[in-house]
Amino acid sequence: MRAAELFDQGRSGAEIARMPGVSDESVRRWKRVWEKDGADALRRRPATGRPPKLDDAQVERVRTALEQGAQAHGFEADLWTLERVGTVVTRVTAVTLSKASV
């Protein structure tokens, strides 16, 4: 939104890019959007994509469990692996995370 204010003031793209420390290309893209659809088109939009599997409370429970260490959860060595973290996530939240393919 600050870029829209600066466009309104007649500032150059290079000057705008220096102010917030962004690239010239970003400023050019913002200006095209601003010229076509106005300042409201530059507002942030909610994140897209798959919604998170865990809510904030579940994430906090997992964080607390992981801080206890792997041995506290029955693993032989106090070493976290992705598989072990996934196991703890499932134990703590009843949510099963998909395994990454190699």
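The following exchange concerns a predicted model of a protein and the reasons for the terms applied to it.

Reader: What makes the protein more spread out than a compact globule?

Author: The protein has five helices and zero strands, in the order α-α-α-α-α along the sequence. Its radius of gyration is 23 Å, whereas the globule rule gives 13 Å for 102 residues; the value is well over that figure, so the protein is more spread out than a compact globule. Along the principal axes, the C-alpha trace spans about 65 × 30 × 25 Å.

Reader: Which C-alpha separations can be given for Gln-9 and Val-59, and for Ala-39 and Asp-78?

Author: Gln-9 and Val-59 stand 50 residues apart along the chain, with 45 Å between their C-alpha atoms. For Ala-39 and Asp-78, the sequence separation is 39 residues and the C-alpha distance is 52 Å.

Reader: Why is the pair of Phe-7 and Trp-34 called tilted?

Author: The ring centres of Phe-7 and Trp-34 are 5.0 Å apart, and a pair requires centres within 6.5 Å. The angle between the planes is 35 degrees. Stacked applies under 30 degrees and edge-to-face over 60, so an angle between these limits is tilted. The pair links distant parts of the chain: Phe-7 belongs to helix α1 (residues 2-8) and Trp-34 to helix α3 (residues 24-37), 27 residues apart.

Reader: Why is the pair of Phe-75 and Trp-80 given the name edge-to-face?

Author: Here the centres are 6.2 Å apart and the planes meet at 70 degrees, so the pair of Phe-75 and Trp-80 is edge-to-face; the cut-off for that name is over 60 degrees. By this rule, the count for the protein comes to two aromatic pairs.

Reader: How do you know whether Phe-7, Phe-75 and Trp-80 are buried or exposed?

Author: Buried means under 20% relative accessible area, and exposed means over 50%. Phe-7 has 6% and is therefore buried. Phe-75, at 16%, is buried as well. Trp-80 has 29%, which places it in the partly exposed class. Of the 102 residues of the protein, 25% count as buried.

Reader: What makes Gln-9 and Ala-39 partly exposed?

Author: The partly exposed class lies between the limits of 20% and 50%. Gln-9 has a relative accessibility of 45% and therefore counts as partly exposed; this residue lies in the loop between α1 and α2 (13-18). Ala-39 has 27% and is likewise partly exposed. The place of Ala-39 is the loop between α3 and α4 (56-67).

Reader: Which residues does Ala-39 touch, not counting those up to four places away in sequence?

Author: Ala-39 touches Met-1, Ala-4 and Trp-34. For the protein as a whole, 33% of the contacts between residues at least 6 apart in sequence join residues at least 24 apart.

Reader: Why is Ala-94 called exposed?

Author: The relative accessibility of Ala-94 is 67%, and the class begins over 50%; Ala-94 therefore counts as exposed. Ala-94 lies in the segment after α5 (82-93). Its phi is positive, about 65 degrees, although Ala-94 is not a glycine.

Reader: What can be said of the accessible surface and of the charges of the protein?

Author: The accessible surface comes to about 7900 Å², and 51% of that area belongs to carbon and sulfur atoms. The protein has 18 positive and 15 negative charges, whose mean positions are 4 Å apart.

Terms used:
Residues are numbered from 1 along each chain as its sequence is written. This is a predicted model: local features need pLDDT of at least 70, side-chain atom pairs count only at pLDDT 80 or more; totals for chains, interfaces and linings use all residues. Side-chain values use heavy atoms; hydrogens and water are left out. Helices (H or I, at least four residues) and strands (E, at least two) are DSSP runs, numbered from the N terminus. The radius of gyration is taken over C-alpha atoms; the globule rule is 2.2 Å times the number of residues to the power 0.38. Buried means under 20% relative accessible area, exposed over 50%, partly exposed in between (1.4 Å probe, protein chains only). Contact means heavy atoms within 4.5 Å. Accessible areas come from the Shrake-Rupley method with a 1.4 Å probe; for residues, only the protein chains shown count as cover. Lys and Arg count as positive and Asp and Glu as negative; His and the chain ends are not counted. The place of a charge is taken as NZ of Lys, CZ of Arg, CG of Asp or CD of Glu. Rings of Phe, Tyr and Trp (its six-membered ring) pair if their centres lie within 6.5 Å; planes under 30 degrees apart count as stacked, over 60 as edge-to-face and the rest as tilted.
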